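Visitor: Could you take me through this fold, question by question? Keep the answers short.

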Amino acid sequence: MQDKEIFSLSLDIGKEIIRAGGEISRAKDTIIRINEAYGNNCEVFALPSVIIAQSGEYIQIRHIDNEDTDLAELARLNALSRRLCKSYNEEIHVTKKVIYRKTENIIAICIATASFCIFFGGSIMDAVFSAIIGIVITYCNLEKLNLPSFSVNLISAFISSILANIPAEIGLSLNPDKIIIGTIMLLVPGLTVVNSIRDMMKGDLIAGLFELFNSIMSALAIALGVAGGIFIIKWI
């Protein structure tokens with residue numbers, strides 16, 4: 001592959017790493033290492049929303065629209081970058097990430113939500129309702145509306161809060177707070193907070209602060225959504 005193709009491909013991989021939930025420093029390091037493997041010097045400036053890089057006479061920009069934590073995709077991209085660094089003449093392209101089957105997604109959602117619900121003191125029935133609500137907010141496909149992540153988290157938390165309070169309001173002896181806790185764990189940006197701290201510790205202060213601010217805004221959206229749902233239920 002030519003220098004321009006390698007440079008462009010490295011930026012595509014860096015973009016997908018950030019979209020999959022990887023650290024900014026990881027994406028920058030990947031871009032630099034790929035170009036160095038082919039004898040190209042590369043300078044990279046990256047934020048959670050944009051990558052700007054220069055290699056010789058080539059300057060390219062990648063806009064990063066939405067993020068979705070996917071550790072399997074992140075591992076695949078890491079393996080792909082290592083192959084690029086070792087296989088100098090191999091034609092490699094950034095393929096689409098593996099799409100998990102719907103059944104696998106549902107099982108994972110149920111295990112995650114039910115486990116957190118029980119961990120925080122919920123009953124088996126609380127865990128069942130938490131799993132059902134988790135499936136609902138996952139497959140309501142708010143992403144198709146092209147809403148910002150703040151709005152998606154706000155609406156998802158609001159729906160979770162409303163649905164979690166309905167069983168108790170109709171007389172079932174369940175714990176809405178435990179159900180909500182189990183459900184909103186699907187929305188909590190824990191990995192983003194860890195990544196922001198890692199980036200700041202590695203010296204990428206601007207990128208780390210951007211990620212930390214995004215995490216705070218996501219947490220605020222979740223809190224407002226839950227509070228709004230509780231307020232509506234009590235008002236009704």
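Visitor: Is Ala20 buried or exposed?
Guide: This is a predicted model, so every value here is computed from it. A residue counts as buried under 20% relative accessible area. Ala20 has a relative accessible area of 4%, and therefore it is buried.

Visitor: Where is the place of Ala20?
Guide: Two helices frame it: H1 spans residues 3-19, and H2 spans 24-37. Ala20 sits in the loop between H1 and H2.

Visitor: Which residues is Ala20 in contact with, leaving aside its neighbours within four places in sequence?
Guide: Two of the contacts, Glu73 and Leu74, carry numbers inside helix H3 (71-86). The full set is Asp68, Thr69, Asp70, Glu73 and Leu74.

Visitor: What separates the C-alpha atoms of Ala20 and Asn214?
Guide: Along the chain, these two are 194 residues apart. In space, their C-alpha atoms are separated by 15 Å.

Visitor: In what order do the strands of the open sheet run?
Guide: The sheet has 3 strands, with antiparallel pairing. Strand E1 (43-47) and strand E3 (58-63) are the edges, each pairing on one side only. Neighbouring strands are turned by 5° against each other on average, direction ignored. The order is E1-E2-E3.

Visitor: Over how many bridges do E2 and E3 pair?
Guide: E2 covers residues 50-55 and pairs with E3 in the antiparallel sense. Within the pair, Gln54 stands opposite Ile59 in E3. The pairing extends over 6 bridges.

Visitor: Which residue in the turn of the E2 and E3 hairpin has a positive phi?
Guide: The hairpin leaves 2 residues between its strands. The positive phi is about 65°, and it belongs to Gly56.

Visitor: At about what angle does Helix H1 run to E3?
Guide: H1 lies across E1, E2 and E3. Its angle to E3 is about 25°.

Visitor: Which element gives the largest share of the largest nonpolar core?
Guide: Nonpolar side chains tend to be buried together in soluble globular proteins. The largest such core here has 27 residues, with Ile13, Val44, Ile51 and Leu84 making the most contacts inside it. Two or more residues each come from H1, H2, E1, E2 and H3. The largest share, 7 residues, comes from H1.

Visitor: How many residues are in the other core?
Guide: This core lies apart from the largest one. Among its members are Ala164, Leu174, Ile180 and Leu187. Its count is 11 residues.

Note on methods
Residues are numbered from 1 along each chain as its sequence is written. This is a predicted model: local features need pLDDT of at least 70, side-chain atom pairs count only at pLDDT 80 or more; totals for chains, interfaces and linings use all residues. Side-chain values use heavy atoms; hydrogens and water are left out. Two strands pair if DSSP finds at least two bridges between them. Helices (H or I, at least four residues) and strands (E, at least two) are DSSP runs, numbered from the N terminus. Axes are lines fitted to C-alpha atoms, for helices over the stretch in contact, and angles run from 0 to 180 degrees between N-to-C directions. Contact means heavy atoms within 4.5 Å. A nonpolar core is a set of buried Ala, Val, Leu, Ile, Met, Phe, Trp, Tyr and Cys residues joined through side-chain atoms within 4.5 Å. Buried means under 20% relative accessible area, exposed over 50%, partly exposed in between (1.4 Å probe, protein chains only).
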